[in-house]
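Take a walk through this structure, starting where the chains meet and then moving to individual helices.

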Amino acid sequence: MRAALAIARKDLLVELRTKESVPAMALFAVTTFVIFHFGLNRNRLEGELAAGVLWVTLLFAAILGINRLFVAEREQAGFDGLLMAPIERNSLLAAKAAALLVYLIALELIALPVFALFFIDSGFWHALPRLAAVTLLADIGLAVVGAMLASIAVHTRARDLLLPILLLPLTVPAMIAAAAATKPLLSVPFDTGGVGKWLVVLALYDAVFGLLAYALFDFLMED
Amino acid sequence: MATETAALAETGTQAEAGEAISIEGLTRRYGERDALAGVATRLGRRQTLAVLGRNGAGKTTLLRVLATLLLPHGGRVRVLGLELPREAQALRPRIGMLGHDTLLYRDLTARENLDFYARLYDVPDREARIARLLEATGMARRAEEPVRNLSRGMAQRVAVCRAVLHRPELLLLDEPYAHLDPEASALVEPLIGQAAGATRVLVSHDVERALAESDRVLGLRDGRAIVDAPAAEVPSEAIRAIYGEIS
């Protein structure tokens, strides 16, 4: 826990100083909303279309941050300093997932109001508490899977290509659940039916992939 | 000054005598190529092993196996009484490595880098230890600058602080004086030199200095140990053989 906190603290300090990941993710999300806004030629979205636009945008914006998760290790200090330290390898996974979770939350603090501004007429703020629960559970899953896959991709030459190829199929269940949970919240009239069921699915996804990452990460970091 | 140097160089519990390193038949491959093939050597505690050899001879691979960064593919490796790779986790807090890379984050300051590593190693009295090391290496005045603004030599001094921060019993040093001017070399000498009191494995192309500083010499050529002897007993012909001047 001590090591995980130290690594996450370091990552957030580097991000605060360089401002490389979160601003790029936010800019990508906002630009994509603008493209959807004009591409679809609609001022208002609702239901499954709104949920789809929101989650596709957040997922692709997240990939930018996931791709840069190990950049400081790859381009600056190297992995040796971390691998030689007397820490459990899983604390690196926990730290990177925690840092990514913070990036995703920061992204959504910017992206969600912009999304509401472009596409939602009314009722968005009413749906926000439940939408926050959906995004938090989806973010946890994305953070765990993203940190695990980024640790694999960073050691390869084709990392920018490899990461999305590995990440997108693995996040399909989480994205289906997140979009399904979001759909009634962005419907007119506002509805909460079925949200609870999809929240459980998201929580299960987080638990399963959290355990899987915990079991595999030590092996992935070996030699 | 002497007391201060001794305190800075303090390298954990080293009272026990006996072997610090025992390697038998160590092999390590990269694909089909043997980077190390049946290497064997021994080193006593608080002694220095100079590892000599041409580029690609296997020096850095040996250092990385001892640093627990690479798994041995064969043979037996015991370091500070611990079997590798089985007891690697117990060994890690007892070793410090200074290699080609400084292992510093360029966007963090020297002090922030040291603070980060001190947290990873759970160094007691963190701030005081960092302040003393920065002072000892002449880096206190530049401690609040991002590492990217430091010269390579200054970054190397911070890297020395990083390597000894947790008072390691075994120092793995790969060209530790590279990038350092004579003044800077003198500053870091109490921390990583013989005076530090740690067991040392020293990889260097400065043969004269390595021989002068070492108790034992391991000469590698194409992954094989062609010299393994006390430093005082290594003839100049053997040194030439290590570097391929005599076949």
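This is a predicted model. Begin with the two chains. Contact between them involves 23 residues of chain B and 20 residues of chain A. On the chain B side, helix H4 (residues 110-120) gives the most, with five residues. What kinds of residue make up the side of chain B that touches chain A? They divide into 14 nonpolar, two polar and seven charged.

Now turn to a helix pair within chain A. Helix H8 (residues 159-185) of chain A packs with helix H9 (residues 195-221) of chain A at an angle of about 160°. Their axes lie 9 Å apart. Angles over 145 degrees count as roughly antiparallel, so H8(A) is roughly antiparallel to H9(A). The crossing of H8(A) with H9(A) is left-handed. From H8(A), the contact draws on Pro173(A), Ala174(A), Ala177(A), Ala178(A), Ala180(A), Ala181(A), Pro184(A) and Leu185(A). H9(A) brings Val195(A), Trp198(A), Leu199(A), Val201(A), Leu202(A) and Tyr205(A). The residues of this contact divide into 14 nonpolar, no polar and no charged.

Last comes helix H1 (residues 2-18) of chain A. How far should its 17 residues span? At 1.5 Å a residue, the expected span is 24 Å. The end C-alpha atoms of H1(A) are 24 Å apart, so the two values agree. The buried residues of H1(A) include Ala3(A), Ala4(A), Ala6(A), Ile7(A), Ala8(A) and Val14(A). Lys10(A), Asp11(A) and Glu15(A) are buried as well. Just after H1(A), Lys19(A) takes a positive phi of about 50°.

Notes:
Residues numbered from 1 in each chain as written. Chains lettered and ligands numbered in written order. Predicted model: local features only at pLDDT ≥ 70, side-chain atom pairs only at ≥ 80, totals over all residues. Axes fitted to C-alpha atoms, helices over the stretch in contact; angles between N-to-C directions. Helix = DSSP H or I, 4+ residues; strand = E, 2+ residues; numbered from the N terminus. Parallel < 35°, antiparallel > 145°, perpendicular 65-115°, else oblique. Left-handed = near helix turned anticlockwise from the far one by under 90°. Contact = placed C-beta atoms within 7 Å. Nonpolar A, V, L, I, M, F, W, Y, C, P; charged D, E, K, R; others polar. Expected span 1.5 Å × (residues − 1). Buried ≥ 20, exposed ≤ 12 C-beta atoms within 10 Å, placed from the backbone.
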